[in-house]
Amino acid sequence: MRGLRENKPQVPIERHAKTLFALLDRQAYDAYDTDRPIYREGPMEREDNENDNTEPVDVIQPSNGEQAESNLVLARQAYPSYLPIVPVYHRPLFPKMQIPMLIGDDHLKAMVTERLKGESRLIGVVLVKEQSEPEGSLVAGSDLYSTGVLAEVLEVVHPAPALPMHLMLSVLERFRITDVIQEKPYIVTTVEYELESNMTVNDELKAYSLAIIRSIKDLVQLNPLHKEELSIFLSISSLNDPGRLADFAAALTTADGKDLQEILDTFSIRLRIKKVLELLKKEIDISRIQAKINRSIEENLTKQQREFFLRKQLEEIKKELGISKEGKETEVERFEKRMQELKLTDEARERIDEEMEKFKLLEQHSPEFTGTRNYLEWLTGLPWGIHTKDRCDVTKAARTLNRDHYGLDDVKERILEFLSVGMMKGSISGTILCFVGPPGVGKTSIGKSIAHSIGRNFYRFSVGGIRDEAEIKGHRRTYIGALPGKFVQAIKTCKSQNPVIMIDEIDKIGASYQGDPASALLEVLDPEQNCEFLDHYLDVRFDLSNIFFICTANQLDTIPRPLLDRMEVIKLAGYILQEKLQIARRFLIPKQLKEHGLTKAEFSITPKALRSMIDGYAREPGVRGLENHIRKLMRKSVKRIMEGKGQTVRIDEKDLPDLLGKRLFTDEQYFKKPNPGVVTGLAWTSMGGDTLFIEAARVETGRPGFKQTGQLGDVMVESSEIAHTYVRSLLSASEEARTFFRRNYIHLHVPAGATPKDGPSAGITMALALYSLVVNRPIKSGFAMTGELTLTGLVMPIGGVKEKTLATRRAKIKKLILPKNNQQDFEELPAHVRKGLQVHYVEYFEDVLDICLPGWKSDGFSPAVPLRQ
């Protein structure tokens, strides 16, 4: 190589130096020292080839006014001072390296193509400063960094005009941009090249170089991707070129463009090496973290792979020894074993055999494999012909019901009668019970007690809000994720064909465009049809006739009539104060003591406090609210014990306001001071019986009028109009009464206006309130009444006698007025419910007046029509 350099070329070096070096070995060219002089003969001149159209190359003259005694020119002085610029966006390029590049801009591709036609293949490559515009947008000269690199285009590949141009560049030297002389269609600048400040290798630079090489080796150990690049570099480089070593080390890092541009801007070798060492240290730290993450991932993968191979080997060993079989064969054997334990119907056995034959031919990766396996799981998992033995002992059943529930004697009697009939005929089936009552009266718990008393499995599910009949009869197997209906699922869970299934909230079942679940229940609950129940998923008939169905509801109005006809209705009205006291002592308090980790010695509540809590905080028909208040008392007691404020807690009546807050129920003021036009009635709701107060007032306007308020339903509005018309006709013979109705606007109101109210049973209550208002006399205190009124004054019977009677007792009313036709209903109530009540039976409205307004005939308001027909 040295001999070649000393030879005098016979052509001008200014124009052909690069061509000469391109003919040499690539590595020799890369290692070429640009400060070594090259000789030329004669003045600078063009070749004799007049057809050469290459533009003359501007040559940088020696600085400091030196006069070259001979025609000595440095290789760097042959570089052009005008360069077209190719902008790069992410990382700058460094000298003495070969780099591939893609160019997509049409103007730059045209420029490179034009340069290739001439002899100068030199271009400038400069990094673009960070900018908000996307990559590929128009770049101005001010957007470029001031330092770039000179590069020679070694090779060009351009498959098609629409595709990017592939370049192979050999980066030669740094330069600084001195001026931008053109920006469109591409940037052209004037540049100047600067020598490196000191090329002398001393001990300090050698130490820096060794430090860089050591850091690079550490980096290669952490990231083997750089190993090949380092080997190539070390084979063509040495410690005598620290600047090139620094550039190479910087190019190996993953630093961002700004940090790398700072290295490129540094012409001082010492300062450049220091900055590169800092970058290498950061890169080594990042690589160590990355290596740690990779090791962790590889360890997990290696463990999983090892376990996978061991499992495969174990499977093969078991297969060779005949210990184990493939998964599909195991499934088939399991299904066949199940079939031997079941008493399948002919239809079910035929269907299972067909599916088994198909299952044996399916591949495990087939989409149909999973669906067929699930279908066989359901078919063979049902308890075909499996029944639990019933306990035919009425005495034990009665003992179980009394142990689990207090009161409800009439309900228990009905249940025992039903069970006795079933035990007599040897099968407790064919009838569906429906427990109707307000929340918290024990409908669900009674169902559990029935199942326990006869020794059957129990399953409960709610149909409240169900709008899809597929929940009852199952989905067809063509759907993804199809399942049988609730009843088939319940039977599989209970593992017997004769469980007790409770269908909760049957009065809240819905309907939608997806079907009517209530209609689907007709087949399930009909004893004549459910012996051949066909689920859409199973598509095989299954016998449901041995199931004991129990339904629960809060009211009967929303249950479809055909469905209600299939049930035997048993009403649970609710509990009075004495019954709630016993339930709290026997069941609720022991249960909550256990749930809160307390003992009877640590927590106690006095009978007076318990009675006051029931009367003032839990007057609802059920005991759920009472249980919530007991739970609240125990939570506060546990907190007091844990805070060290005492080891025992005793709740007295005076403690209730502090622990439970203000009383929720108080004695009504109407009983303390009777007023004209105010009467207490009774109503039935889905939450049980309740008291209903009717108020009537007049406004003297000189014109007649009648208005009702209190969010009354249509039936109740009609009852008020009937009462108004009847009272006017009753008093039409009295001039004073006629004047009253003619000159006064009457307003009838039912308090608690936020609560909807409806029903016909408030007829006599409204009529009495209007009559009391007209004659301006308050009725006798302590009365509550219910009854439907006709236009002729006849009092019609009503429903919900027990619920309304319990509401009377809860309100502490002692006198009750009922229709004559409801006398038998009242007498059938338990003695403890009737105890202490004075009941008056009325047949006509005249009877109501005789009871509540004694001497009404002598008030001067003579009736115009006979009351008794």
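User: Where in the chain does K495 sit?
Analyst: This is a predicted model, so the answer comes from the predicted fold. Helix α17 covers 486–494 and strand β11 covers 500–504. K495 falls between those two elements, in the loop between α17 and β11.

User: What is the phi of K495, and is its side buried or exposed?
Analyst: K495 isn't a glycine, yet its phi is positive, at about 60 degrees. Its relative accessible area is 64%, and the exposed class starts over 50%, so K495 counts as exposed.

User: Which loop holds K812, the other lysine with a positive phi of about 65 degrees?
Analyst: K812 is not a glycine either, and it has that positive phi of about 65 degrees. Its relative accessible area is 47%, so it counts as partly exposed. As for its place, K812 is in the loop between α27 (801–810) and β25 (815–819).

User: What is the omega of the peptide bond from K184 to P185?
Analyst: P185 lies in the loop between β7 (165–182) and β8 (188–192). The bond leading into P185 from K184 is cis, with omega near -5 degrees.

User: How far apart, N to O, are the side chains of D106 and K109 in their salt bridge?
Analyst: Both residues belong to helix α4 (residues 106–117), and being 3 residues apart there they are separated by about one helical turn. D106 is exposed at 53% relative accessible area, whereas K109 is buried at 5%. Their side chains meet in a salt bridge with an N to O distance of 3.5 Å.

User: Which helices are linked by the salt bridge of K591 and E627?
Analyst: The side chains of K591 and E627 meet at 3.2 Å, N to O. The two residues are 36 apart, so to speak joining distant parts of the chain: K591 is in helix α20 (residues 577–595) and E627 in helix α22 (residues 624–642). The helices are α20 and α22.

User: Is E627 buried or exposed?
Analyst: Its partner K591 is partly exposed, with 42% relative accessible area. E627 has 12% relative accessibility, and under 20% is the cut-off for the lower class, so E627 counts as buried.

User: What is the N to O distance in the salt bridge of K639 and E643?
Analyst: E643 counts as partly exposed, at 41% relative accessibility. Its side chain meets that of K639 in a salt bridge, N to O, at 2.6 Å.

User: Which residues are joined into one network by salt bridges that share partners?
Analyst: The whole structure has 38 salt bridges. Some of them share partners, and one network formed that way joins E331, R334, R338 and E377.

User: About how much accessible area does the nonpolar patch with I289 have?
Analyst: I289 is in helix α9 (residues 269–321), and it counts as exposed at 54% relative accessibility. It forms a nonpolar surface patch with I293, I297 and L301. Together the four have about 370 Å².

User: Which residues form the negative surface patch?
Analyst: One member, E350, is in helix α11 (residues 346–361). The full patch is D346, E350, D353 and E354.

User: What share of contacts between residues at least 6 apart joins residues at least 24 apart?
Analyst: The chain has 30 helices and 26 strands, and 45% of its 869 residues count as buried. It exposes about 45,300 Å², with carbon and sulfur atoms supplying 50% of that. Among contacts between residues at least 6 apart in sequence, the share joining residues at least 24 apart is 75%.

Methods:
Residues numbered from 1 in each chain as written. Predicted model: local features only at pLDDT ≥ 70, side-chain atom pairs only at ≥ 80, totals over all residues. Heavy atoms only, no water. Patch = residues over 30% accessible without salt bridge, like charges linked within 9 Å, V, L, I, M, F, W, Y side chains within 5 Å. Areas by Shrake-Rupley, 256 points an atom, 1.4 Å probe, with all protein chains shown as cover. Lys, Arg positive; Asp, Glu negative; His and termini not counted. Charge placed at Lys NZ, Arg CZ, Asp CG, Glu CD. Helix = DSSP H or I, 4+ residues; strand = E, 2+ residues; numbered from the N terminus. Buried < 20%, exposed > 50% of the residue type's maximum accessible area, 1.4 Å probe, protein only. Contact = heavy atoms within 4.5 Å.
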